[in-house]
Amino acid sequence: RIKGVVIDSGFSSYHGEAAHVLRSNPVTWLFSWPLSRLLIRSGLDPIDSVAGIAPRPLLIIHGTLDRIVPVAMGRELFERAGEPKELWLVEGAHHMAAIEEQPDEFRRKVCGLFERAFSAP
């Protein structure tokens with residue numbers, strides 16, 4: 001059984017992430033949205049499933065300087081998620097770099113989530 005979930009630098013949709021990656025390339029930026037729709041099949045987007053994690057605790061971690069997955073996607077996941085939930089935006093951190101930028105706080109938050117999750121009745 002799943003007791004709790006930690007998402008680090010997670011994207012909210014496959015199409016959105018594909019469009020973001022395609023926009024970052026000067027050759028494909030103009031066609032980023034149509035290409036993402038053409039190349040990526042619909043369904044199974046995290047944004048459609050995140051609410052189902054509740055009532056298990058959820059921690060979403062995202063660096064504010066993430067260029068791979070925009071921080072807005074982490075915020076979208078947080079908004080759609082049910083309680084209990086926490087969003088930790090790590091100022092100045094890049095993609096999946098919270099553990100490097102703030103290792104003590106990272107361990108405290110992640111271990112704290114699982115300690116609460118496994119001690120709950």
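This report walks through a predicted model of one protein chain, from its overall build to a few backbone details.

**Ground rules**

Local features are given only where pLDDT is at least 70, and side-chain atom pairs count only at pLDDT 80 or more, while totals for chains, interfaces and linings use all residues. Residues are numbered from 1 along each chain as its sequence is written, and side-chain values rest on heavy atoms, with hydrogens and water left out.

**The chain as a whole**

Let's start with the overall layout. The protein chain has 6 helices and 3 strands. Here helices (H or I, at least four residues) and strands (E, at least two) are DSSP runs, numbered from the N terminus. Read from that end, the elements follow the order β-α-α-α-β-α-β-α-α. The C-alpha atoms fill a box of roughly 50 × 30 × 20 Å, taken along the principal axes.

Of the 121 residues, 39% count as buried. Buried means under 20% relative accessible area, exposed means over 50%, and partly exposed lies in between (1.4 Å probe, protein chains only). The chain exposes about 7500 Å², and carbon and sulfur atoms supply 60% of that area. Accessible areas come from the Shrake-Rupley method with a 1.4 Å probe; for residues, only the protein chains shown count as cover.

Contacts are defined as heavy atoms within 4.5 Å. Among contacts between residues at least 6 apart in sequence, 71% join residues at least 24 apart.

As for charge, the chain has 14 positive and 15 negative side chains, and the centres of the two sets lie 6 Å apart. Lys and Arg count as positive, Asp and Glu as negative, and His and the chain ends are not counted. Each charge is placed at NZ of Lys, CZ of Arg, CG of Asp or CD of Glu.

**The sheet**

The strands form an open sheet of 3 strands in the order E1-E2-E3, with parallel pairing. Strand E1 (5-8) and strand E3 (85-90) stand at the edges with a single partner strand each, so one side of each has no neighbour in the sheet. From one strand to the next, the twist averages 15°. Two strands are taken to pair if DSSP finds at least two bridges between them.

E1 and strand E2 (residues 58-63) run parallel and are joined by 4 bridges; in this pair, valine 6 stands opposite leucine 59 of E2. E2 and E3 also run parallel, with 6 bridges joining them, and histidine 62 stands opposite leucine 89 in E3.

E2 is mostly covered, with 6 of its 6 residues buried. In a regular strand the side chains alternate between the two faces of the sheet. In E2, Leu58, Ile60 and His62 point one way, while Leu59, Ile61 and Gly63 point the other way.

**Helices against the sheet**

Helix H4 (residues 71-80) lies across E1, E2 and E3, running at about 165° to E3. Axes are lines fitted to C-alpha atoms, for helices over the stretch in contact, and angles run from 0 to 180 degrees between N-to-C directions.

Another link involves phenylalanine 114, which lies in helix H6 (residues 103-119). Leaving aside neighbours within four places in sequence, phenylalanine 114 is in contact with Gly4, Val5 and Val6. Its C-alpha atom is 9.0 Å from that of valine 6, although the two residues are 108 apart along the chain. Phenylalanine 114 counts as partly exposed, at 29% relative accessibility.

**Backbone details**

Two peptide bonds leading into proline are cis, and two residues other than glycine have a positive phi; the table puts them side by side.

| Residue or bond | Feature | Angle |
|---|---|---|
| alanine 54 to proline 55 | cis peptide bond | omega near 15° |
| glutamate 83 to proline 84 | cis peptide bond | omega about 0° |
| serine 9 | positive phi | phi near 60° |
| methionine 96 | positive phi | phi near 55° |

Where do they sit? Proline 55 is in the loop between helix H3 (46-49) and E2, and proline 84 is in the loop between H4 and E3. Serine 9 is found in the loop between E1 and helix H1 (14-23), where serine 9 is buried with a relative accessible area of 4%. Methionine 96 lies in the loop between E3 and helix H5 (98-101), and methionine 96 is partly exposed with a relative accessible area of 47%.
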